[in-house]
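Biologist: I would like a close look at one part of this protein, a helix and the surroundings it packs into. Could you walk me through it at an easy pace?

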Amino acid sequence: MFCDEPSVKVSVLMGVHNIAGLRLFDRAVGSVLAQTMDDFEFLICDDGSTDRTWELLERIAKQDARVRLLRNTKNEGLAFTLNRCLQAAQGEYVARQDADDISAPERFAVQLAFLEQHPEIAFLGSDVILWDECGAWGKREFPEYPQVRDFLFTMSFVHGALMFRREAVRKAGGYRVARETRRAEDYDLLMRMYAQGQNGANISRPLYAFREDSAARKRRKYRYRIDEAVVRWRGFRSLGLLPGAFPYVVKPLLVGLLPQQILQRAKKGRKF
């Protein structure tokens with residue numbers, strides 16, 4: 001399923017579908033290609049786009065040999081798309097990057113150095129800056145060494161900011177492709193890794209800028225909250241947190257009933 005022998009240090013994984021914000025995408029790609037370390041490959045998988053996304057990706061690949069392209073014949077979703085990237089990845093480590101977020105120039109170098117100094121850590125994230133069309137509006141600070149119970153209220157990691165040991169993801173079987181993981185593939189994967197005894201950590205500095213705008217909040221449909229509740233049920237059960245954690249299973253359903261203004265104030269007032 002996976003390439004056996006690493007040929008580069010880091011494989012960067014990105015899935016895209018019908019790129020709408022070209023300026024945002026250019027900034028995201030540019031933040032990867034401008035990293036202070038250059039021993040990496042950049043895998044971008046077009047998840048069945050129906051516009052000119054593939055043409056754009058081909059132009060980018062011609063300009064930088066580190067870019068490798070994959071293409072799904074139809075829209076399969078992020079979990080499937082990232083698994084395709086994992087299968088093709090040649091790096092000892094795999095780093096995530098979303099198509100509308102920005103990595104700090106030193107991100108890969110800092111994360112790689114930490115992981116090589118801490119062999120007991122399977123994956124590593126960081127604090128993040130929150131930004132939208134008006135600029136930076138907040139910051140999320142996470143526990144340096146999240147514990148199992150930290151998964152209860154919310155996930156103590158940002159998916160796009162993570163760097164994994166490739167073997168650790170292989171041990172977990174990659175991303176689980178299911179209806180309920182359509183918007184929670186990261187939550188599902190990380191809980192399964194913790195259930196296997198694999199632990200994650202966070203760098204206590206913002207190495208990633210996560211875009212969270214009004215449009216993204218509107219896309220948070222209620223059915224995805226139902227999916228998250230299913231993911232929580234499975235994950236909490238595997239972590240031995242049930243039945244006591246049941247109130248946290250239904251938390252997404254209750255939060256989804258609150259007005260957006262209240263949710264935004266709550267987000268701005270919390271660290272993670």
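Modeller: Happy to. This is a predicted model, and a good place to begin is where two helices meet: the axes of H6 and H8 come within 9 Å and cross at roughly 5 degrees. An angle under 35 degrees counts as roughly parallel, so H6 and H8 are roughly parallel to each other. On the H6 side of this contact you will find Tyr187, Asp188, Met191 and Ala195. Facing them from H8 are Glu228, Val231, Arg232, Gly235, Phe236 and Ser238. Sorted by class, the contact has five nonpolar, two polar and three charged residues. It helps to remember that an α-helix has 3.6 residues a turn, so residues three or four places apart point the same way.

Let us stay with H6, which runs over residues 185–195. Nine of its eleven residues are buried, so H6 is largely enclosed by the rest of the structure. The buried ones are Glu185, Asp186, Tyr187, Asp188, Leu189, Leu190, Met191, Met193 and Tyr194. You will notice acidic residues in that list, Glu185 among them. H8 is one of the partners that the buried residues of H6 pack against; the others are H3, S6, strand S8 (163–165), H5 and strand S9 (199–211). Just after the helix, Gly197 takes a positive phi of about 90 degrees.

Now for the core around H6. The largest nonpolar core has 36 residues, and those touching the most other members are Phe123, Phe151, Phe164, Leu190, Met193 and Phe236. Two or more residues of this core come from each of strand S2 (40–47), helix H3 (78–88), strand S6 (121–132), helix H5 (166–172), H6 and helix H8 (222–238). H6 gives the largest share, six residues.

Phe236 of H8 deserves a pause, as it appears both in the helix contact and among the best-connected core members. Leaving aside neighbours within four places in sequence, Phe236 is in contact with Tyr187 and Met191, which also belong to the H6 side of the helix contact. Its other contacts are Phe151, Leu152, Leu241, Leu242, Ala245, Tyr248 and Val249. Apart from this core lies another, of 30 residues, including Val12, Val29, Phe40 and Trp54.

H3 is worth a visit too, being one of the partners of H6. In H3, the buried residues are Ala79, Thr81, Leu82, Asn83, Cys85, Leu86 and Ala88. They pack against strand S1 (8–16), S2, strand S3 (67–72), strand S4 (91–96), H5 and H6.

Cys85 brings us to the cysteines. The count of disulfides comes to zero. Cys45 has the sulfur of Cys85 as its nearest cysteine sulfur, 5.0 Å away, and is in no disulfide; the cut-off for a disulfide is 2.5 Å. Cys45 is buried, with a relative accessible area of 0%, whereas Cys134 counts as exposed at 74% relative accessibility.

To set H6 in its wider frame, the protein has eleven helices and nine strands. Of its 272 residues, 51% are buried. Among contacts with a separation of 6 or more, 80% join residues 24 or more positions apart.

Terms used
Residues numbered from 1 in each chain as written. Predicted model: local features only at pLDDT ≥ 70, side-chain atom pairs only at ≥ 80, totals over all residues. Heavy atoms only, no water. Core = buried A, V, L, I, M, F, W, Y, C linked by side-chain atoms within 4.5 Å. Buried < 20%, exposed > 50% of the residue type's maximum accessible area, 1.4 Å probe, protein only. Helix = DSSP H or I, 4+ residues; strand = E, 2+ residues; numbered from the N terminus. Contact = heavy atoms within 4.5 Å. Axes fitted to C-alpha atoms, helices over the stretch in contact; angles between N-to-C directions. Parallel < 35°, antiparallel > 145°, perpendicular 65-115°, else oblique. Nonpolar A, V, L, I, M, F, W, Y, C, P; charged D, E, K, R; others polar.
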